[in-house]
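Biologist: I have a new protein model open and I am not sure where to begin. Can you teach me to read it, one feature at a time?

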Amino acid sequence: MSEQQNQDGAADAANRNSRRNTTGVVSSDKTNQMITVVVERLFKHPKYNKYIRRHNKVYAHDERNEAKTGDTVVLAEIRPLSKLKRWRLVNITAKAVLPMGDA
């Protein structure tokens with residue numbers, strides 16, 4: 001009986017941890033512990049078979065204020081933290097390239 005409960009508990013933990021991940025580019029980091037990320041997606045038009053680019057703006061929790069505008073980041077879905085925040089920053093995959101004058 002306890003083995004069955006352990007297996008069910010492991011399955012529940014696996015479901016809890018299998019939340020969606022997405023990648024996007026930070027468009028704003030002006031708010032404390034929050035970033036605005038533009039997430040792009042491609043999908044194929046059902047009639048014309050042309051690939052169409054769409055984007056969504058999502059708000060993510062950035063605990064240490066480490067992401068800056070232009071960075072490419074990975075986000076994970078979480079429980080709602082506020083009216084708009086449903087994502088958290090997992091890691092920064094690419095830093096923004098600064099122009100020569102902005103050092």
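Modeller: We will go from the overall fold to single residues. Keep in mind that this is a predicted model.

Biologist: Start with the fold. How many helices and strands does the protein chain have?

Modeller: The protein chain has 1 helix and 5 strands. Along the sequence the pattern reads α-β-β-β-β-β.

Biologist: What do the strands do together, and in what order?

Modeller: First the general idea. Strands of a sheet pair through backbone hydrogen bonds, either parallel or antiparallel. Here the 5 strands close into a barrel, in the order β1-β2-β3-β5-β4, with mixed pairing. From one strand to the next, the twist averages 50 degrees.

Biologist: Which way do β1 and β4 run, and how many bridges join them?

Modeller: They run antiparallel, joined by 5 bridges. Strand β1 covers residues 21-28 and strand β4 covers residues 72-77. For one bridge, find Thr23: its partner in β4 is Val74. Now look from Val74 towards β5: Val74 stands opposite Asn91 there. β4 and β5 are also antiparallel, with 6 bridges between them.

Biologist: Where does the parallel pairing come in?

Modeller: Between strand β3, residues 51-61, and β5. That pair has 3 bridges. In one of them, Ala60 is partnered by Trp87 of β5.

Biologist: Next, the inside. Which residues make up the largest nonpolar core?

Modeller: This core has 11 residues. Among them are Val26, Val37, Val73, Trp87 and Leu89. β2 (34-44), β3, β4 and β5 each supply at least two residues. β2 gives the most, with 3 residues.

Biologist: How do I read the surroundings of one core residue?

Modeller: List what it touches, and skip its neighbours in sequence. Take Val73: beyond residues up to four places away, its contacts include Val26, Val37, Ala67 and Leu89. Val73 also touches polar residues such as Thr22, Thr23 and Asn91.

Biologist: How much of the chain is buried?

Modeller: Of the 103 residues, 23% count as buried. There is a contact figure too. Among contacts with a separation of 6 or more, 47% are between residues 24 or more positions apart.

Biologist: Now charges. How many salt bridges are there?

Modeller: The general idea first. Side chains of opposite charge can pair when their charged atoms come close. In this model the count comes to 4 salt bridges. One of them joins Glu77 and Arg20, at 3.2 Å from N to O. It links distant parts of the chain: Glu77 is in strand β4, Arg20 is in the loop between α1 and β1, and they are 57 residues apart. Glu77 is partly exposed, with a relative accessible area of 28%.

Biologist: What else does Arg20 contact?

Modeller: Leaving aside neighbours within four places, Arg20 is in contact with Leu75, Ala76, Glu77 and Trp87. The backbone gives a distance as well. The C-alpha atoms of Arg20 and Ile78 are separated by 8.8 Å, though they are 58 residues apart along the chain.

Biologist: Which other salt bridge should I look at?

Modeller: Try Asp71 and Lys95, which meet at 3.8 Å from N to O. Asp71 lies in the loop between β3 and β4 and Lys95 in the segment after β5, so the pair ties together parts 24 residues apart in sequence. Check the exposure of each partner. Asp71 is buried, with a relative accessible area of 1%. Lys95 counts as exposed, at 54%.

Biologist: What about Lys85: is it buried or exposed?

Modeller: Lys85 is buried, yet has no salt bridge. The nearest side chain of opposite charge is Glu63, 7.6 Å away. That is beyond reach, because a salt bridge needs the nitrogen and oxygen within 4 Å. Lys85 is found in strand β5, residues 85-94. Its contacts include Gln33, Met34, Tyr59 and His61.

Biologist: Gln33 came up there. What is special about its backbone?

Modeller: Gln33 has a positive phi of about 60 degrees, although it is not a glycine. Its place is in the loop between β1 and β2. Asn65 is another non-glycine with a positive phi, of about 50 degrees. Asn65 sits in the loop between β3 and β4.

Biologist: And how exposed are those two residues?

Modeller: Gln33 is partly exposed, at 27% relative accessible area. Asn65 is partly exposed too, at 32%.

Note on methods:
Residues numbered from 1 in each chain as written. Predicted model: local features only at pLDDT ≥ 70, side-chain atom pairs only at ≥ 80, totals over all residues. Heavy atoms only, no water. Helix = DSSP H or I, 4+ residues; strand = E, 2+ residues; numbered from the N terminus. Buried < 20%, exposed > 50% of the residue type's maximum accessible area, 1.4 Å probe, protein only. Lys, Arg positive; Asp, Glu negative; His and termini not counted. Contact = heavy atoms within 4.5 Å. Pairing = 2+ DSSP bridges. Axes fitted to C-alpha atoms, helices over the stretch in contact; angles between N-to-C directions. Core = buried A, V, L, I, M, F, W, Y, C linked by side-chain atoms within 4.5 Å.
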